[in-house]
Amino acid sequence: MQNTGFYALISSGGIDAIKTIIMLAIACVLLYLAIVKKFEPLLLLPIAFGMLLSNLPMIKDSSAIMMHTEFFTDPEYMTDGKYINVGYICQHGGLLDLLYLGVKLGIYPPLIFVGIGCMTDFGPLIANPKSILLGAAAQFGVFFTFIGALVLSALVPSIYFGIKEAASIGIIGGADGPTAIYVTKTLAPSLLPAIAVAAYSYMALIPVIQPPIMKLMTRKKDRMIVMEQLRPVSKTEKIIFPIVVTIVVGLIIPDAVALVGCLMLGNLLKESGVADRLANMAQNELMNIVTLFLGVTVGATATASSFLSAQTIGIVVLGLVAFCFSTAGGLFLGNIMCWLTKGKVNPLIGSAGVSAVPMAARVSQTVGQKENPSNFLLMHAMGPNVAGVIGSAVAAGVFLAMFSNI
């Protein structure tokens, strides 16, 4: 009887038992959203189930415990009090501890970017290079929220975010889950569960969050604008593009190369036409395996002690602010482009500058077509959308370069 979860739950004490029940309830709600509502199910489902696994009541030191978050946060278990002890984890850790090493060592997010690169068509961006400005403008929410997190910490002392924590929260505005995880695991690992859940939840809610902002910031007649068809892009251009981008980003922001370089590697595998087997593997088997491992292990770090806090509420609120202001930044520049071109650019494509591919581009298409049924903005919106992927990775590189050594 003493080896059962029921005994562990009862013996843990009143408050701890209540927190455990709350975490199990949250995990079940997230599972409901993933399965029934289909909110980003490929990641939200494993995240929720990982949360369920790590919050099941267990006897301390039981061999059934699959995740020991203290191995990654408690100086007692770390080398020199600050570096994770891989050897100790391999010897004493559970299954999820071993898989979580892929997150802590920065392996999973770049591998996911290889798969994303294989599934991404940079043709619309190459055909309309100006759209990269919209992708850059949509990173406004990242830096605005970074400052906002620091201001909130000053105004509400019970919710403390240092400069590293603020940078990790700000990157939620890039609308790119792997990028948010990559930055957070380096700068603020204790916030990883809340930031991951917030990032992927808001990505799934883009069709709900963006349309009201789009209608608020654009005029009806501008939303009805039909843009000219994009020029054809040659295969040579598509092959040269990932090579040039990798070199340029590497020379300017080396800290962004792990993400941007892997993104461009995946794209080159696809566009070159000489490595179809690798391209198919990267966007299918590799992507699926890494997504599963990443989701389950990140969800497993969401224990009651780390997740049920005022900081988590602050992250959820600031994450929404980041998404809204990133959308607003892209729309603001879209309006300027519309004015400068005398109505040749539909400002709605600016909202697609966030990194959620292709969901944000589809939202631009949907809103535009409601105003004008003959309007087809999808390919025009894909330019800013894929530019946003590069932009969020560059923003991540900027934060890592500035704060990782502080």
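In the predicted model, a search of the whole structure identifies 14 aromatic pairs. One of these joins Phe140 and Phe144, whose ring centres lie 5.7 Å apart with an angle of 35 degrees between the planes, an arrangement classed as tilted. Both residues belong to helix H10, which spans residues 140-155, and their spacing of four residues corresponds to about one turn of the helix. Neither ring is assigned to the buried class: Phe140 is partly exposed, with a relative accessible area of 41%, and Phe144 is likewise partly exposed, at 34%.

A second pair involving H10 is formed by Phe146 and Phe399, for which the centres are 5.3 Å apart and the planes meet at 45 degrees, so that this pair, too, is tilted. Because Phe146 is located in helix H10 whereas Phe399 is located in helix H22 (residues 378-403), the contact between the two rings ties together parts of the chain that are 253 residues apart in sequence. Phe146 and Phe399 are both buried, whereas Phe140 and Phe144 are partly exposed. The pair is also part of one aromatic cluster, in which Phe146 and Phe399 are joined by Phe143 and Phe403. A further arrangement that involves an aromatic ring is found at Tyr182, where Lys185 lies over the face of the ring at 5.2 Å from its centre.

Helix H22 also takes part in the packing of helix H21. Helix H21 comprises 13 residues (359-371) and extends 19 Å from its first C-alpha to its last, which is close to the 18 Å expected at 1.5 Å a residue. Its buried residues are Ala360, Ala361, Val363, Ser364, Gln365, Val367, Gly368 and Glu371, and these buried residues pack against three helices, namely H14 (206-217), H15 (220-223) and H22.

With regard to cysteines, the structure contains zero disulfides. A disulfide is a covalent bond between the sulfur atoms of two cysteines. For Cys118, the closest cysteine sulfur is that of Cys262, at a distance of 11 Å, which is too far for a bond, given that a disulfide is assigned to sulfur atoms within 2.5 Å. Cys118 is moreover buried, with a relative accessible area of 1%, and Cys338 is also counted as buried, at 5% relative accessibility.

Note on methods:
Residues are numbered from 1 along each chain as its sequence is written. This is a predicted model: local features need pLDDT of at least 70, side-chain atom pairs count only at pLDDT 80 or more; totals for chains, interfaces and linings use all residues. Side-chain values use heavy atoms; hydrogens and water are left out. Buried means under 20% relative accessible area, exposed over 50%, partly exposed in between (1.4 Å probe, protein chains only). Rings of Phe, Tyr and Trp (its six-membered ring) pair if their centres lie within 6.5 Å; planes under 30 degrees apart count as stacked, over 60 as edge-to-face and the rest as tilted. Helices (H or I, at least four residues) and strands (E, at least two) are DSSP runs, numbered from the N terminus. A charge sits over a ring if NZ of Lys or CZ of Arg is within 6 Å of the ring centre and within 35 degrees of the ring normal. The expected span of a helix is 1.5 Å times one less than its number of residues. Contact means heavy atoms within 4.5 Å.
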